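Here's a quick tour of one small set of coordinates, taken piece by piece. Have the viewer open as you read.

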Amino acid sequence: MPTTDLQPIADDHTTGTTVHFLPERSLRVASSTTADGLARLTEPWPHLSVKIDDRRAT
């Protein structure tokens with residue numbers, strides 16, 4: 001569910017869409033889920049660029 005309107009970002013002369021999201025609470029708790037594990041989920045889409053900013057307390 002979107003929480004804000006669309007916000008412009010700096011033009012880097014590429015195309016695409018930037019999406020920021022907050023996973024549901026069960027995925028946000030410090031557990032065995034790692035940034036590397038989440039990144040592996042994107043392997044079927046090699047043209048998809050994903051940046052994971054893990055802000056969970058360690």
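## Surface and overall make-up

Accessible areas here come from the Shrake-Rupley method with a 1.4 Å probe. Keep in mind that this is a predicted model. On that footing, the protein chain has an accessible surface of about 6200 Å², and carbon and sulfur atoms account for 57% of that surface.

As for secondary structure, the protein chain has 2 helices and 0 strands. The helices are α1, covering 25–28, and α2, covering 35–40. What share of the 58 residues is buried? Just 2% of them, where buried means under 20% relative accessible area.

## The segment before α1

Two residues are worth a stop here. Proline 8 sits in the segment before α1, and it counts as exposed because its relative accessible area is 80%, with the cut-off for exposed set at over 50%. Proline 8 and threonine 18 are 10 residues apart along the chain, and their C-alpha atoms are separated by 9.9 Å.

Histidine 13 belongs to the segment before α1 too. What is the sign of phi at histidine 13? It's positive, at about 65 degrees, even though the residue is not a glycine. For background, most residues other than glycine have a negative phi. Histidine 13 is also exposed, because its relative accessible area comes to 73%.

## The largest pocket

Now for the open space in the model. The largest pocket has a volume of about 1800 Å³. It is lined by 38 residues, and the ones closest to its centre are Thr18, Val19, His20, Phe21 and Lys51. That brings back threonine 18, the partner of proline 8 in the C-alpha separation of 9.9 Å.

Which helices contribute to the lining of the largest pocket? Both α1 and α2 do, each supplying at least two residues. By residue class, the lining divides into 17 nonpolar, 12 polar and 9 charged residues.

## A nonpolar patch

Over on the surface, there's a nonpolar patch formed by Leu38, Leu41, Trp45, Leu48, Val50 and Ile52. Together these residues have about 570 Å² of accessible area.

Tryptophan 45, one of the patch residues, lies in the segment after α2. Is tryptophan 45 exposed or buried? Its relative accessibility is 51%, so it counts as exposed, given that the label applies over 50%.

Conventions: Residues numbered from 1 in each chain as written. Predicted model: local features only at pLDDT ≥ 70, side-chain atom pairs only at ≥ 80, totals over all residues. Heavy atoms only, no water. Patch = residues over 30% accessible without salt bridge, like charges linked within 9 Å, V, L, I, M, F, W, Y side chains within 5 Å. Salt bridge = Lys/Arg side-chain N within 4 Å of Asp/Glu carboxyl O. Helix = DSSP H or I, 4+ residues; strand = E, 2+ residues; numbered from the N terminus. Buried < 20%, exposed > 50% of the residue type's maximum accessible area, 1.4 Å probe, protein only. 1 Å grid on protein atoms, 1.4 Å probe; cavity = no way out; pocket = protein on both sides within 12 Å on 5 of 7 lines; lining within 4 Å. Points joined across faces, edges and corners; volume = space filled by probe spheres on them. Nonpolar A, V, L, I, M, F, W, Y, C, P; charged D, E, K, R; others polar.
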